[in-house]
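Some words used to describe a protein model rest on a number and a cut-off. The turns below set one against the other.

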Amino acid sequence: MTTIHHRAGKPGTGTSTQDPAAAEAVFLDASLRLLEPLDVAQGDVVVDVGPGAGSATVALAQAVGDQGRVYAVDLDPAMLDATLDAAQAAGVADRIRPVLHDLEDGTPSLPEAADAVWSSWCVHHARDWDAAVRALSGMLRPGGVLCLAEGGLPTRCLPWDVGTGRPGLEVRLDEAHGRYFTQWFFGRAAVVRPTRGWTEILAAAGLVDVTASTALVDFPAPLSEQVRTVVLAELAARVRRAGPFLAEDDTAAWKRLLDPDDDAWLGRRTDLALLSARTAFRGRSPRAGRG
């Protein structure tokens with residue numbers, strides 16, 4: 001087992017909110033549907049790169065059973081600690097091996113090849129997406145499967161006109177957030193511009209039988225307290241990141257909408273929803289002597 005030194009490693013890009021476990025719980029059903037193409041079986045060796053709060057890692061550990069192993073790989077010790085806490089609570093911590101590693105440094109050195117590799121909303125942070133996917137596929141045994149959850153459709157939570165600010169507020173937040181991410185992504189040294197989609201990237205890494213599947217996330221209004229809390233936290237996080245790229249009137253509108261002391265606070269509305277779609281891309285490492 002790789003030993004975690006709590007002052008080693010690097011801080012990650014950070015979670016969307018301060019309670020990633022709550023967000024993962026809301027999206028867990030969609031994540032489990034995206035995990036299905038991995039065909040994880042009892043006794044398998046699986047790698048989870050960028051485990052977050054550990055919800056998918058726990059599901060994978062339950063799938064591999066007592067004889068299987070799940071390597072949780074992350075550059076941030078805090079995320080590995082959160083994953084181990086979740087595993088401990090679920091009674092599967094003995095099946096999980098934490099690995100402190102930055103994917104930018106290439107394929108992590110594991111003691112065995114993997115039957116399956118899973119990574120969710122992680123690789124798009126890498127400076128070179130092709131290199132990152134090659135690093136992921138480098139952990140597979142012949143015939144092993146890589147499943148990469150990236151992309152989908154923008155999340156929609158608000159009515160077109162919330163009665164505060166100009167209509168179309170959420171659409172403009174998407175545009176501002178896209179500008180934020182573009183500036184962040186290309187503001188780093190040695191970034192390689194991605195010029196093709198994930199299916200082509202997986203194929204260029206040598207994987208075969210490349211396919212994609214999408215899971216719908218659909219929580220119609222009125223939302224439960226659990227989902228509403230996550231929606232408000234996610235919106236607040238997006239507004240914080242996109243802030244420099246928002247128009248002044250939109251900034252003022254979001255300030256009111258996210259303020260529990262304001263009459264316009266979104267938390268009082270009964271018409272909030274959560275609708276999104278998440279996509280995963282799957283590819284298989286060629287079997288020895290065959291495609």
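The questions that follow concern helix packing, burial and backbone geometry in this predicted model.

Q: Why is helix 2 called oblique to helix 3?
A: Helix 2 (residues 55-64) and helix 3 (residues 77-90) pack at an angle of about 45 degrees, and their axes are 9 Å apart. Angles under 35 degrees count as roughly parallel, over 145 as roughly antiparallel and 65 to 115 as roughly perpendicular, while the rest count as oblique. The angle of about 45 degrees fits none of the named ranges, and therefore helix 2 is oblique to helix 3. The crossing of the two helices is right-handed.

Q: Which residues make the contact of helix 2 and helix 3, and how do they divide into nonpolar, polar and charged?
A: Helix 2 contributes Thr-57, Val-58 and Gln-62, and helix 3 contributes Thr-83, Ala-86, Ala-87 and Ala-90. In this contact 4 residues are nonpolar and 3 are polar, with no charged residue. Val and Ala count as nonpolar, whereas Thr and Gln, being in neither the nonpolar nor the charged list, count as polar.

Q: How do you know that the reach of helix 5 is close to what is expected?
A: Helix 5 (residues 169-186) has 18 residues, and the distance from its first C-alpha to its last is 26 Å. The expected span is 1.5 Å times one less than the number of residues, which for helix 5 gives 26 Å, so the reach is close to the expectation.

Q: Which residues of helix 5 are buried, and against what do they pack?
A: Leu-169, Glu-170, Arg-172, Leu-173, Asp-174, Ala-176, His-177 and Phe-185 are buried, a word that here stands for under 20% relative accessible area. The buried residues of helix 5 pack against helix 4 (129-137), strand 5 (140-156), helix 7 (225-242) and helix 8 (248-257).

Q: Why does Trp-121 count as partly exposed, and why does Ala-190 count as exposed?
A: Buried means under 20% relative accessible area and exposed means over 50%, with partly exposed in between. Trp-121, at 37%, falls between these cut-offs and therefore counts as partly exposed, whereas Ala-190, at 67%, is over 50% and so counts as exposed.

Q: What is noted about phi in Trp-121 and Ala-190?
A: Trp-121, in the loop between strand 4 (114-120) and helix 4, has a phi near 50 degrees, a positive value in a residue other than glycine. Ala-190, in the loop between helix 5 and helix 6 (198-204), is not a glycine either, and has a positive phi of about 65 degrees.

Definitions and conventions: Residues are numbered from 1 along each chain as its sequence is written. This is a predicted model: local features need pLDDT of at least 70, side-chain atom pairs count only at pLDDT 80 or more; totals for chains, interfaces and linings use all residues. Side-chain values use heavy atoms; hydrogens and water are left out. Axes are lines fitted to C-alpha atoms, for helices over the stretch in contact, and angles run from 0 to 180 degrees between N-to-C directions. Helices (H or I, at least four residues) and strands (E, at least two) are DSSP runs, numbered from the N terminus. A crossing is left-handed if the near helix is turned anticlockwise from the far one by less than a right angle, and right-handed if clockwise. Contact means heavy atoms within 4.5 Å. Buried means under 20% relative accessible area, exposed over 50%, partly exposed in between (1.4 Å probe, protein chains only).
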